[in-house]
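Visitor: Could you take me through a single part of this model closely, starting from one helix and moving outward to whatever surrounds it?

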Amino acid sequence: MDSDKIGLVSAVLLIIGNVIGAGTFTTTGIMLGRIGDPGTVMLLWVFAGLVMLLGAACYGALARQMPESGGEYLFLSRIFHPVLGCLAGWVSLLVGFSAPIAVCAYAAGEYARHWGVVDYTPRIIGSCLIVLVTLLHSLGTRHGLRIQNLMISVKLLLIVAFIALTVGEVSTSCLSRPMIADVHPDNLAIGFIWAFFAYSGWNSVIYIADEMENSDKNLMWATMIGSLLIMLIYLLLNFTILGQQQIHNIEGRVDYMLLVAEQSASDWAVVVAAVVVNLALLSSLSALIMLGPRVYAKMASDGFMPRFLASQGGRYHKAIVFQGVVALLILWLGTYEHMLTSIGYMLGICCVLTVAGLVKLKLNDRGIAIPFWPFGPVIFILCVTCCVIYHVYHHPLYSIAGVLLVAPGLLFWFFGRTVLKV
């Protein structure tokens, strides 16, 4: 067994660390402020979680066919055309990793206010975190992975402790009668996109596929186990939060975890909430900064990004620093809700195309095993596509902004092979 390979447990923890971060501890308050009904918000979390599980099953099946690092860039390049893969790679750079890093850093800065850090804006604090973690990962990843596994394990224990300390304040009356019919469809669509973003990261292992032990088997197991655990954690955590008797105090708030803890009868709830949120944001930031450069390095080696971003002896330090710079730009140029919305719908488009690619492979080769076939891929594609179309129709400015962000990918496609290899 190669000691440098990533095992099943580490892969599952990497997925959990990548997902449970900014979206986990910031999205519910924003959703509640937009929708107004706790029961409907809880239903959106359930629905988005089920869609995520279907997507995870599809991605696991696809990764078994192509057990190489590169993510959507690799899949779409191989299945459809390299130009589509190139655009997906730029989405990964700007939307899949850099923007979530910016969101995570902003959330950490917002929560830092509760630690008495009031003289600095969330963007300044977030910038310091991005620079620090980027520098740490640029020095090497093996020791960083061990430290990250420890942080994620502690984080999970603290989340369980937070639920245990605050569940006594839960009243199920506000969750038992969801008023979904009274909510505007636009708010439902945006709420789903935000929840889908909060679940994003369930496909993390496809970016390190060729670095895993027994990748032909462990890719599917890691994806499904990680996704199931994440959904269970999210539903328990949101049941505890949305069932609070003074729930409307957190409407529109990013830092609602600490507000809920302050309302608890336990003096330890605030301490546990503060530690778990900061630890979760830090581990999520670390996981994102670790995974993204694998995509850019693969694109650079194929000529679709500058050559200096390519892996050098298995190291990705230049790509890591480049990603950090992009994340800092997004952090300072975008609003929080704009970052959330743009991330959600652009990731949705890439996921739909990837699952459609799996369907294409299945139609050409009936021997490919896909869980829940054909209903799983079809339901995933229909649900995500409908929300994306609704979003594009009703929010054209956000949609245009997202397209403009990835437009440079076309330039690198047309000129990359002749210019970047010089």
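Guide: What follows looks at helix H8, then at the largest cavity, the nonpolar core and two buried residues in other helices.

This is a predicted model, and in it helix H8 runs over residues 185-199, a stretch of 15 residues. From its first C-alpha to its last, H8 reaches 21 Å, which is close to the 21 Å expected at 1.5 Å a residue. Because 14 of its 15 residues are buried, H8 is largely enclosed by the rest of the structure. Just after H8 comes Gly201, which takes a positive phi of about 120 degrees.

Gly201 also leads to the empty space inside the model. A search of the whole structure finds two cavities of 30 Å³ or more, and the largest of them has a volume of about 320 Å³. That cavity is lined by 25 residues, of which Gly96, Pro100, Ser200, Gly201 and Leu347 are the closest to its centre. H8 is one of the helices that supply at least two residues each to this lining, alongside H1 (8-19), H2 (22-35), H5 (82-111), H11 (268-302) and H13 (336-364). The helix that gives the most to the lining is H5, with seven residues. Sorted by class, the lining of the largest cavity holds 16 nonpolar, eight polar and one charged residues.

The end of H8 can also be followed into the nonpolar packing. The largest nonpolar core has 145 residues, and those that touch the most other members are Phe25, Trp45, Tyr199, Trp202, Met257 and Phe380. H11 gives the most to this core, with 20 residues. With neighbours within four places in sequence left aside, Trp45 is in contact with Ala195, Ala198 and Tyr199, among others, and its further partners include Gly23, Thr27, Thr28 and Met31 as well as Tyr234, Leu235, Asn238 and Leu242.

Helix H11, which supplies residues to the cavity lining, also holds Ile289. Ile289 has a relative accessible area of 1%, and therefore counts as buried. Although Ile289 and Val133 are 156 residues apart along the chain, their C-alpha atoms are separated by 7.7 Å. Not counting residues up to four places away in sequence, Ile289 touches Val133 together with Ile101, Ile130, Thr134, His137, Ile320 and Gln323.

A polar example is found in helix H9 (residues 215-242), where Asn218 lies. Asn218 counts as buried because its relative accessibility is 10%, under the 20% limit. Outside its neighbours within four places in sequence, Asn218 is in contact with Leu8, Met212 and Glu213.

Conventions. Residues are numbered from 1 along each chain as its sequence is written. This is a predicted model: local features need pLDDT of at least 70, side-chain atom pairs count only at pLDDT 80 or more; totals for chains, interfaces and linings use all residues. Side-chain values use heavy atoms; hydrogens and water are left out. Helices (H or I, at least four residues) and strands (E, at least two) are DSSP runs, numbered from the N terminus. The expected span of a helix is 1.5 Å times one less than its number of residues. Buried means under 20% relative accessible area, exposed over 50%, partly exposed in between (1.4 Å probe, protein chains only). On a 1 Å grid over the protein atoms alone, a cavity is a set of points where a 1.4 Å probe fits but cannot get out, and a pocket is an open set with protein on both sides within 12 Å along at least five of seven lines; lining residues have an atom within 4 Å of a point. Grid points are joined across faces, edges and corners, and a volume is the space filled by probe spheres set on the points. Ala, Val, Leu, Ile, Met, Phe, Trp, Tyr, Cys and Pro count as nonpolar, Asp, Glu, Lys and Arg as charged, and the others, Gly among them, as polar. Contact means heavy atoms within 4.5 Å. A nonpolar core is a set of buried Ala, Val, Leu, Ile, Met, Phe, Trp, Tyr and Cys residues joined through side-chain atoms within 4.5 Å.
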